[in-house]
Amino acid sequence: MSVLDSRIPEGPLADKWTNHKNNIRLVNPANKRLIDVIVVGTGLAGGSASATLAELGYNVKAFCYQDSPRRAHSIAAQGGINAAKNYQGDGDSVYRLFYDTVKGGDYRSREANVYRLAEVSTNIIDQCVAQGVPFARDYGGLLDNRSFGGVQVSRTFYAKGQTGQQLLLGCYSAMSRQIGKGKIQMYNRHEFMDLVIVDGKARGIIARNLVTGEVERHSAHAVVIASGGYGNVFFLSTNAMGSNASAAWKVHKRGAFFANPCFTQIHPTCIPQHGDQQSKLTLMSESLRNDGRIWVPKKKEDAEAVRAGKLKPTNIKEEDRDYYLERRYPSFGNLVPRDVASRAAKERCDAGYGVGTNETGEAVFLDFASAIERYGREEANVRGIHNASDSEIKKLGEETVEKKYGNLFQMYELITGDNPYKTPMKIYPAVHYTMGGVWVDYNLMTTIPGCYAIGEANFSDHGANRLGASALMQGLADGYFVLPYTIGDYLADDIRTGAIPTDTPEFDEAEKAVKDRINTLINNKGSKSVDHFHKRLGKVMWNKVGMARNEQGLKEAIEEIRQIREEFWKEVNVPGSADELNQELEKALRVADFLELGELFARDALERNESCGGHFREEYQTEEGEAVRDDENYTFVSAWEYKGEPSEAVMRREALNYENIELKTRSYK
Amino acid sequence: MSTAKGLDLTLKVWRQKNQNDKGRMETYQVSDISPDSSFLEMMDILNEQLIEEGKEPVAFDHDCREGICGSCSMFINGRAHGPGKRVTTCQLHMRQFEDGDTIHIEPWRATAFPVIKDLVVDRSSFDRVMAAGGFISVNTSGNTQDANAIPVEKEDADNSFAAATCIGCGACVASCKNASAMLFVSAKVSQFALLPQGQVEAQDRVLNMVHQMDLEGFGNCTNTGACEAECPKGISLENIARMNREYLSAGITSEK
Amino acid sequence: MASKSGIFNSSIGRKVAMALSALFLIIFLLQHFSINVTSTFSEELFNELSHFMGTNPLVQFALQPILIFGVVFHFIMGFVLEARNRKARAVKYVKTAGNANSTWMSRNMIWSGLVILAFLGLHFYDFWIPEMNYKYIQFNPADPNRYYEELLHKFEDPIRVFLYVISFVLLSLHLLHGFQSAFQSLGARHKKYTPVIKKLGNIYAIIIPAGFVFIALFHYINSL
């Protein structure tokens with residue numbers, strides 16, 4: 001156990017963070033000017049960390065592969081951000097947010113981390129409002145809230161369906177201010193290539209300038225990885241096309257442990273795949289489940305007719321519809337957590353009730369007809385129209401729904417060509433978020449001294465399943481309120497170190513390795529494109545390491561991924577040269593890492609002989625198809641140590657101790 | 001989701017090796033494109049085809065492919081983000097086109113957005129405008145006042161939000177005959193001008209951002225309204241009027 | 001830092017200056033029209049007003065220079081802005097579809113403006129230069145009744161009438177965009193009032209040029 005010291009502070013849960021902050025070492029302002037910090041990624045975590053570290057006085061070098069820090073994929077988060085403000089007076093508290101998050105994560109997260117997250121959640125809202133983030137407000141001018149899956153209070157702050165965008169632009173603004181001051185040096189269109197370790201400490205990175213192709217050396221006293229999750233290992237996911245695991249994977253290969261890679265969230269409400277030409281999947285916010293009802297036909301023949309385009313969903317009678325979430329989980333209904341909702345959709349589709357008109361037939365309905373009617377009646381009452389006709393009610397209801405979800409409905413129509421006001425949406429689960437990631441201690445430091453991981457890139461807070469509206473919370477908590485404190489504890493030793501030189505053998509070695517890898521890819525001149533391999537990897541991952549996994553499938557997957565990887569290095573074709581903007585080369589470098597990560601992912605899933613959260617093993621379920629956790633044997637974090645090949649990686653265990661919460665079977669019935 | 005017959009299309013695409021290359025339009029054929037595909041998926045297919053033919057694929061910016069990151073930036077058939085209103089290139093779907101169509105695809109054109117390669121342009125001028133004042137100067141402390149201590153009238157909050165939805169794609173600049181960035185800059189100025197939190201620095205903000213905008217070489221606004229019409233987020237011209245007001249009053253009353 | 005160079009050296013400042021000069025010219029045009037239209041129903045009134053405008057020292061030595069400055073400023077600023085705007089897009093698009101997002105008028109202010117400039121050349125040649133010559137070079141004696149005759153004389157020529165008509169059509173197009181655009185440049189936009197301003201602008205942009213066309217045609221037809 002000694003290799004995995006989580007450094008959780010002593011003391012009662014509620015006091016741990018405060019005590020820790022009181023006892024942690026600080027760096028005085030004059031000395032902060034002497035210290036450089038590299039931040040890789042400019043999403044909510046990286047952006048907020050960069051801005052805050054720069055405000056504190058550190059010299060920050062921020063890197064992003066996009067053309068501007070404003071474009072990181074945090075921007076696509078729609079629904080909202082949780083915070084235990086209890087503005088609605090509905091019984092919320094820091095403890096309850098903590099409890100919901102641990103329970104939602106199926107008891108596979110660290111109590112102390114989650115409690116801290118809940119604790120600082122309220123600061124986030126204060127901070128963002130002060131920055132000018134335009135959250136939704138009610139008519140009294142105060143902040144509005146909505147409710148999200150897996151909880152029974154309204155604690156989600158939102159800005160229509162664009163919460164992630166508004167929060168990210170807040171970070172971007174804060175960063176812009178520091179960029180203007182010269183405290184952040186921004187490296188746009190730069191991709192992290194490798195971590196440089198000097199005397200056992202993270203001391204810099206090798207980055208590639210994506211415009212000129214130049215391979216550059218950058219040094220710092222600490223390196224923060226905020227590069228997001230690895231959902232694109234599935235090829236099709238709701239992640240951005242450029243979202244990649246390379247930074248996280250490269251630090252893993254340099255010695256950082258990789259935790260719980262198999263904990264992946266499959267989001268229940270995405271627009272179904274249309275065919276083989278599909279490049280990515282689009283999420284429809286979970287907030288839609290507040291008002292939308294999910295169903296499939298009760299009769300198989302109806303489902304077949306819908307698939308064949310012969311029957312319209314609006315023509316299926318109420319009694320012939322199976323609102324399966326409301327049926328199976330009466331107390332949470334359509335608002336069960338994401339993993340539960342996703343599996344239920346898969347179960348129905350596998351049983352032959354799917355309604356997709358695509359090749360797979362995989363889709364279920366998300367229906368707003370009753371919400372439209374309910375809101376329409378409410379609005380008619382408000383306006384004093386007492387004998388409103390059905391069409392009037394419908395119109396009023398549609399207006400209300402448009403106010404709440406207009407942009408989401410519009411997006412759905414753009415993509416599918418169907419009008420969701422008139423006909424139910426079709427949705428299906430898709431890969432969305434990865435709870436697993438680089439292992440970090442309470443200070444968010446990886447097992448490499450001086451190398452930190454924050455946001456989705458780390459593993460720390462969501463356990464086996466993340467609740468809706470908690471990713472934004474975690475990214476900002478890490479970047480604004482946790483890392484800026486904890487990093488000082490480490491950097492306090494570096495006040496006399498001086499600038500880190502880049503003309504050392506360690507930088508030489510790392511740069512050479514990067515250049516060799518690039519040249520190998522460019523000179524390979526194989527017969528197949530990068531996407532060819534990425535798609536094949538994605539298919540294996542989705543079919544055998546996706547929503548439901550079993551031993552045999554996982555073993556096959558491990559073997560198949562290995563084969564694809566070998567073939568990739570033999571057969572991949574990367575056109576163009578290394579010294580120019582070369583998007584195929586960028587993709588190839590990322591896919592090469594996914595091809596390794598995928599195997600570790602499958603191995604982790606194979607080793608975890610239980611079903612919990614997003615990890616569902618078919619061998620471990622009740623007769624009703626509910627997940628069966630094995631707390632006795634698996635209440636731990638699996639942290640993988642790299643040993644040269646994914647197949648040789650060694651699993652270390654960090655035991656999870658629940659001192660404040662009793663482990664229970666999750667029930668949303 | 002229909003399963004209609006695929007489209008056969010002629011594409012005229014701007015190819016330019018790098019900033020120093022002059023660049024030219026080149027013609028390509030693609031066939032059997034599903035009408036349910038997005039425009040960028042069609043471009044992916046073209047690129048796969050080019051790679052197979054041993055040619056260099058077309059470089060273009062894209063990332064989220066759900067209309068929010070603002071990366072994608074194609075001038076399609078003479079319009080920023082192509083036909084249709086309130087749509088980004090990535091959300092443009094091929095059902096908007098007919099079998100046999102010829103489609104012109106060009107990069108954004110503006111002196112302040114130099115072409116890097118093919119359809120990729122450098123929009124860092126927007127970042128520099130932001131760094132000149134697109135923020136509220138508040139440090140991260142965790143003890144800023146409680147979020148509900150500052151009530152904001154719902155209408156102001158909604159208008160501020162509407163301005164803040166700008167994705168910084170640059171379609172406004174690309175469609176403006178003068179390559180003016182007024183819609184972009186005014187959206188940010190308005191977002192903060194409409195909130196009490198933004199008042200403290202309002203004068204400096206508008207003066208500095210406009211100054212930087214001018215330095216970057218964007219054109220002048222002549223109120224054609226093309227920016228508003230092509231903006232994928234429907235950012236209103238009202239924001240430009242508001243910025244003009246803010247600028248004038250700041251310019252007249254500021255003592256700096 | 002922005003104000004170092006002064007607000008009128010900024011893009012918005014220039015637009016404001018453009019808008020202010022435009023509004024001034026709009027007012028002038030209304031006044032010019034009000035006088036001219038009297039020629040269609042009262043020779044005496046027209047002569048009287050013209051004589052007043054031509055001899056009143058305040059009009060001649062204060063308002064006239066301001067007007068000339070306003071006209072010249074509006075044109076020069078228009079050219080400056082156009083040149084800057086062209087520079088802002090050094091490489092042009094191969095294909096554009098301007099009609100999809102904006103009106104022809106709004107995109108072609110420079111062309112309608114140039115036609116108006118050419119017209120002003122003709123107009124000066126027709127009226128202002130002879131007038132200056134008559135009054136300040138030849139020092140001819142004041143004749144309060146000559147204006148109407150001079151006017152009739154000019155509108156006997158069908159080519160000139162045709163050029164006038166064309167110019168006023170372009171003026172109308174210029175105003176259709178320019179009127180409301182001036183308000184927008186000044187930041188005068190309001191949910192309630194802007195629609196009114198736009199309507200008013202459209203009425204002005206059609207009525208005033210149409211009125212000038214009417215005057216020209218009226219005298220031409222009478223001369224036949």
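Here are three short exercises on the predicted model above, each with a worked solution.

A bit of housekeeping: residues count from 1 along each chain as its sequence is written, and chains are lettered from A in the order in which they are written. Local features need pLDDT of at least 70 and side-chain atom pairs 80 or more, while totals for chains, interfaces and linings use all residues.

**Exercise 1.** Work out what chain A brings to its contact with chain B.

- Start with the head count: chain A gives 71 residues and chain B gives 68, contact being C-beta atoms, placed from the backbone, within 7 Å.
- Next, the elements: α6(A) supplies the largest share of chain A's side, 9 residues. Helices here are DSSP runs of H or I, at least four residues long, numbered from the N terminus.
- Then sort by class: 26 nonpolar, 32 polar and 13 charged. Charged means Asp, Glu, Lys and Arg; nonpolar means Ala, Val, Leu, Ile, Met, Phe, Trp, Tyr, Cys and Pro; the others, Gly among them, are polar.

**Exercise 2.** Describe how the domains of chain B meet.

- Find the bounds: domain 1 is 7-117 and domain 2 is 123-139 + 150-253, from an automatic or database assignment.
- Take the C-alpha centres of these two domains of chain B: 28 Å separates them.
- Count the contact: 18 residues from domain 1 of chain B, 17 from domain 2.

**Exercise 3.** Is B:Ser236 buried or exposed?

- Locate B:Ser236: the loop between α7 (226-230) and α8 (238-253) of chain B.
- Apply the cut-offs to C-beta atoms placed from the backbone: 20 or more others within 10 Å is buried, 12 or fewer exposed, in between partly exposed.
- B:Ser236 has 19 such neighbours inside 10 Å, so it's partly exposed.

Technical notes: Contact = placed C-beta atoms within 7 Å. Helix = DSSP H or I, 4+ residues; strand = E, 2+ residues; numbered from the N terminus.
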